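Colleague: Please take a close look at the enclosed cavities for me. I would like to know what lines them and how those residues sit in their surroundings.

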Amino acid sequence: MTVVANEKIDDKKLQKASEIILELQNEMPKYISNGSGPFLAAIYDNQGNLIAKEANSVVSQNCSHNHAEMNAIKAAEKKLNTYDLSAFNLSLYVTSEPCIMCLGGIMWSGIKAVYFGVPSKRVEEITGFDEGFKPNWFEEFKKRGITVYGNIAQDAGEKVLKDYVSGGYKVYKPER
C-alpha cells in the first residue's frame, strides 16, 4: 500500500518514521508475550530522543482506554511534568492507525506529528476491533497543525496482527 500523508511527503521524515515503526513492529512479539495487546507507540522529540514507549494494556490492566497511544501520551506527560506537550515539538509513532479515542487524546495532548503503520481498515479486517468513526481526520489534524503519515511498514504490522489473532490472544470488543 502507498504511504499517505496530510502534507507533501518529506523523504527524510518518511525514512525516520519507517525505521522507528519497523523497530516497533519487530519489538511487538516481546510485548505480546508479556501480556500486552498488539499495538505499540513511541514518542520522540525533534532531536530524536525517545520520550516514552508504551504498549496496549487494555486486557492486562482491565482498562478500556489503555491503548498504546494513550499510555505513551500519559508517560510523556508524566516525564515532562505537563498536560500540554505542545512546547516540546513531539512526534508519535505507532504500529497501527489510531482509533477514534486515541485521535482525541493525540489532538488534545499537543503532539505535533503522527506516523502510523497498519491502516484502520486492515486492523478491523484482521482483528475485528472497531476502530470507530473517523471522518476526515487527516484534514482535521492538518487544520490543527498536526502532521500525519500512514501505511508505514504495513506488511510487518499486518504480520504482527495476524500472529496475535492466530496465537489465540484476546481481541477485546465491547458487547453490543
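Modeller: Gladly! A cavity is a set of points on a 1 Å grid over the protein atoms alone where a 1.4 Å probe fits but cannot get out, and its lining residues have an atom within 4 Å of a point. Volume is the space filled by probe spheres set on the points, which are joined across faces, edges and corners. This is a predicted model, in which local features need pLDDT of at least 70 and side-chain atom pairs pLDDT 80 or more, while totals for chains, interfaces and linings use all residues. Residues are numbered from 1 along each chain, and side-chain values use heavy atoms, without hydrogens or water.

There are 2 cavities of 30 Å³ or more. The largest holds about 80 Å³. Around it stand F39, N56, H67, A68, E69, S96, E97, C99, F129, E131 and Y172, a lining of 5 nonpolar, 3 polar and 3 charged residues. The second largest, at about 70 Å³, is lined by P38, F39, T127, F129, Y164, K170, V171 and Y172. Its lining divides into 6 nonpolar, 1 polar and 1 charged. F39, F129 and Y172 therefore turn up beside the largest cavity and the second largest.

Two residues lining the largest cavity deserve a further look. C99 is buried, at 6% relative accessible area (buried means under 20%, with a 1.4 Å probe and protein chains only). C99 is in no disulfide, the nearest cysteine sulfur, in C102, being 3.8 Å away; a disulfide needs sulfurs within 2.5 Å. E97 is in contact with W137 (heavy atoms within 4.5 Å), and W137 also touches P98, L103, F116 and V148.

Notes
Buried < 20%, exposed > 50% of the residue type's maximum accessible area, 1.4 Å probe, protein only. 1 Å grid on protein atoms, 1.4 Å probe; cavity = no way out; pocket = protein on both sides within 12 Å on 5 of 7 lines; lining within 4 Å. Nonpolar A, V, L, I, M, F, W, Y, C, P; charged D, E, K, R; others polar. Lists of a residue's contacts leave out its neighbours within four places in sequence.
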